[in-house]
Structure formats: structure tokens, C-alpha cells
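Here's a quick tour of one protein model, with a look at helix packing, internal space and domains. Have the viewer open as you read.

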Amino acid sequence: MLRIDEVPNSDGFPDRCDVAVIGGGIIGVSTAYELARRGISVALLEKGIIGAEQSGRNWGWVRQQNRDLYELPLAMQSLKRWAELSDELGEEIGFRKSGILYGSEQPADVAQWETWLGKARALGFDSQLLSARELAARVPNGRAKWAGGVWSYSDGRAEPSKAAPAIARGAQRLGARVHQICAVRGLDISAGRVSGVWTERGLIAADSVVLAGGAWSALFCRHHGIDLPAVNVIGTALRTAEAPAVIDGCFSGPNFAMRRRLDGGYTIAVPGYGRMEIAPQNLRHAVKFRKMFRSKLSKKLKFRVAQRFFGGPEGSATWRHDDITPFEEMRVFNPSPDAEWPTRAIDHVAAVFPDLSGLRVAHAWAGAIDTTPDLVPVMSRVDSMPGLVIASGFSGHGFGLGPGAGMLVSRIVTDDVSGIDLNPFRLTRFSDGTRLASPELM
């Protein structure tokens with residue numbers, strides 16, 4: 001298991017609150033924190049441990065560069081929030097505005113970055129397109145036949161093992177109630193709207209409920225007859241032992257991505273590669289994902305039949321509120337890493353940075369990335385279930401977007417969204433005939 005900073009459970013157990021937040025990942029804790037800042041009573045409910053799933057398993061990048069253009073304004077707001085949180089919380093979350101650098105040996109990549117940057121500037125974001133010579137000057141220890149790169153000086157990094165727990169503790173200090181090892185079994189419905197949540201410890205009455213369950217959100221939705229098209233992509237990453245400092249922040253190079261860690265090592269992965277485990281939920285949504293399966297992204301995915309075909313986050317959605325649920329049967333989803341990727345990642349890094357030859361893998365792990373057909377998250381009220389707000393499907397972008405998403409979701413809950421375009425994030429885009437964009441940026 002990964003090492004995640006601890007969060008104490010709150011004393012007692014509430015019988016009601018204004019808002020119940022399901023899920024203690026970066027989206028859930030950020031939403032709870034923002035609501036508590038506004039004096040709204042919050043119960044944050046986590047079936048396992050705060051930050052123990054993908055929010056503690058991601059790369060730790062806090063980026064604006066190469067975001068879907070729908071996400072870019074949110075990413076810009078989120079980066080601002082990351083910097084503010086470092087001061088507000090009074091805790092180390094590992095946030096450093098150290099920049100993010102991309103480099104490629106492929107002219108087509110550079111052309112794509114240039115096109116994206118032209119559109120991003122219209123939204124108020126700026127970064128620097130680099131020639132091969134300029135890129136080489138930024139990575140003087142690098143050995144590659146560079147075509148060019150892009151440098152986002154305002155981007156940053158943070159420590160996944162620290163961030164979500166620190167934000168949860170901050171929410172507690174503002175009055176939020178945090179309860180771990182407390183699965184939500186289902187929604188309580190009265191007079192056609194959400195009136196609370198049924199947990200393994202009993203009923204909590206609530207005026208609104210936010211579902212921020214990550215890999216488990218689609219299963220929870222299906223239990224209530226709500227169609228949230230999302231599949232889980234299993235991605236593998238690793239951390240190294242302490243190693244020479246060839247970069248200070250984050251770098252994406254030929255077939256690898258790396259982040260300098262506070263402990264002097266690196267978090268490294270092979271971008272875009274992963275696996276999908278075939279199970280009922282994935283089969284059910286296969287038609288909606290046909291564009292992804294036909295895109296270049298599908299070439300980076302491998303498929304296998306899930307070991308627990310009817311269990312886990314893709315399993316059966318049939319249970320009663322007095323039953324043991326899949327959320328209790330698997331407190332923390334801890335998928336096995338793909339054995340070949342750590343070796344490949346280390347080899348790719350060493351090919352560019354000879355100073356890192358002989359890197360030692362301290363730990364390799366995998367996480368489940370809740371992924372939508374267009375790789376854009378859902379942050380939306382549910383028309384068929386008044387009182388429910390979904391904040392899920394962040395498609396591997398949730399960590400960096402988390403604080404900004406928490407602000408936005410808190411405003412959706414309180415009907416304070418004037419001037420914010422929620423259209424790209426609405427749930428109904430998957431069912432109202434909207435032509436979805438082909439997924440490009442994973």
C-alpha cells in the first residue's frame with residue numbers, strides 16, 4: 001500500500017448536515033473544504049481512507065498546459081487555489097510552482113502544441129514554445145534528438161500523499177465532519193428528491209449530496225438508475241530512491257513523464273499507457289466509448305477480463321441499504337501494477353538522462369482513473385434526482401483540477417454559478433444528442 005498522511009476521524013456521528021459529500025479523494029475533500037469555508041455544515045464520508053485511491057496514486061502534476069480547452073479556465077483557477085491553500089492550511093502539501101516542461105523528438109508533437117497554444121492564449125493562458133536549441137538549454141543533461149518543446153512557467157507540482165489529507169484536516173478545522181471506514185450505501189429519497197444518505201452506520205439527513213466517488217461513482221449511480229458513462233483505466237506509476245537532480249519540477253519526455261519529489265526521488269510513468277478490465281460496467285458503456293476505442297489513445301490500452309467480473313467498482317449494482325455493499329467489501333481499490341511499465345519507464349528516462357542510469361525503483365503501484373468518453377469531467381446536477389450533484393469522471397486530470405473543481409462544485413450546490421459556463425460538464429451531454437469531441441489529451 002502507498003504511504004498516505006493520516007486524517008483523524010471526527011468525534012461522534014451526525015444525524016443531519018446541510019451537505020453530505022461521498023468520497024474522500026481530492027475532489028471530495030476540496031468540495032467539503034470550500035463548503036465549510038462558507039459556513040455550510042458538511043459531512044465528508046469515505047468508505048476507506050482519505051486519499052488512498054487515485055488521489056494518492058497520481059503523478060502529482062498541477063498543470064494548465066495541454067488541458068482540454070473546456071478544462072483550461074478551471075485549471076487556471078485551480079492553480080491559483082493551490083497557491084492559496086498552501087498558506088490557508090498552514091501545512092506542507094508539497095505545492096511548488098516550479099513549471100512544467102514538455103520535450104519531443106517528433107515535429108508533429110511540436111506542431112500540436114503550437115496549435116493548442118494559439119487557442120489557449122485566447123482564454124488568457126500563455127506558455128513558451130521552444131525550439132530544439134532552447135529546449136536543450138533547459139535540459140543540458142538531456143540526450144535526445146529534440147524537435148522542440150513547450151515550457152509552462154506558471155505550472156507546478158504537489159505531493160499526492162499529503163494534499164488530500166491536509167485539505168481534509170483543513171475542512172475539519174472549519175467544522176466539517178470527516179468519517180472514514182464509513183461507506184455510503186445509497187441515497188435517501190423523500191417526495192421525489194434526495195433527503196440524505198444511508199451509510200453503514202445509519203442515516204444522515206442532508207439537503208444536498210455530492211457524489212465524488214471517483215472510480216466508484218458510476219457503480220453508485222447505476223444502483224440508483226442514473227447513467228454515468230465512465231470506465232476505469234488502470235495506470236501504473238513508480239517512485240525511485242533518491243537520485244541526482246536533473247530537473248526541478250515536472251518533465252514530459254519521449255515515452256516518459258517524471259516529477260521531482262520532496263524526498264529527493266522521482267515519480268515516473270509512461271504517459272497514456274494502461275489497461276481496461278472487461279466487466280459489466282465497461283461492456284454496458286462500450287458504445288459511448290467507440291470514439292476513444294477508435295482513436296490513437298486505444299493503441300496505448302490493453303484489455304483483459306477482470307479477475308472479479310461481478311465485484312469491485314465495475315461489478316453488480318444490486319444491493320439493499322441494509323446489505324454489505326461493494327464499497328465495504330473493497331475499502332481501498334488497490335489494483336496490481338503492470339509489471340512491464342516500471343522497467344520501460346526507467347529505461348526511457350535513462351536514455352535521455354544518462355546521469356539517471358541505474359535508478360532504483362523503490363515502489364511501483366497502480367490506480368484506477370475514472371474516465372469519460374470525451375475525457376472531460378462531470379460536474380452537474382442530476383435532473384432525475386433533485387438534490388444530487390455529481391463530481392466525477394476527471395479522466396486522470398482530477399489531482400491538478402481538484403481545488404478549482406471543489407470551488408466550482410460548492411457553487412453548484414449553493415446555486416451560486418452566475419457567469420460560469422457549466423455546459424461542457426453537464427451529465428446530459430452523453431444522452432441529449434450532443435456531438436462529443438474526439439478524446440485527444442489523456
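## Helix 1 against helix 2

Let's start with a pair of helices in this predicted model. Helix 1 (residues 26-37) packs on helix 2 (residues 72-89) at an angle of about 65°, and their axes sit 14 Å apart. The crossing of helix 1 past helix 2 is left-handed.

Who touches whom? On the helix 1 side you'll find Ile26, Tyr33, Glu34 and Arg37, and they meet Arg81, Trp82, Leu85, Glu88 and Leu89 of helix 2. Sorted by class, that contact comes out as five nonpolar and four charged residues, with no polar ones.

## The cavity

Now for the empty space inside. Rolling a probe the size of a water molecule over the atoms shows where such space is left. Here the structure has one cavity of 30 Å³ or more, and the largest cavity holds about 530 Å³ of space. Its lining counts 39 residues, and Gly25, Ala212, Gly213, Gly214 and Ala215 are the closest to the centre.

Which elements build the wall? At least two lining residues each come from helix 1, helix 6 (217-223), strand 18 (361-371), strand 20 (388-392) and helix 11 (398-413). Strand 18 gives the largest share of the lining, with three residues. As for chemistry, the lining of the largest cavity splits into 20 nonpolar, 15 polar and four charged residues.

## Two domains

Zooming out, the domain assignment cuts the protein chain into domain 1, made of 16-99 plus 154-430, and domain 2, covering 100-153. Taken over C-alpha atoms, the centres of domain 1 and domain 2 are 28 Å apart. Their contact draws on 29 residues from domain 1 and 24 residues from domain 2.

How values were computed
Residues numbered from 1 in each chain as written. Predicted model: local features only at pLDDT ≥ 70, side-chain atom pairs only at ≥ 80, totals over all residues. Heavy atoms only, no water. Axes fitted to C-alpha atoms, helices over the stretch in contact; angles between N-to-C directions. Helix = DSSP H or I, 4+ residues; strand = E, 2+ residues; numbered from the N terminus. Left-handed = near helix turned anticlockwise from the far one by under 90°. Contact = heavy atoms within 4.5 Å. Nonpolar A, V, L, I, M, F, W, Y, C, P; charged D, E, K, R; others polar. 1 Å grid on protein atoms, 1.4 Å probe; cavity = no way out; pocket = protein on both sides within 12 Å on 5 of 7 lines; lining within 4 Å. Points joined across faces, edges and corners; volume = space filled by probe spheres on them. Domains from an automatic or database assignment.
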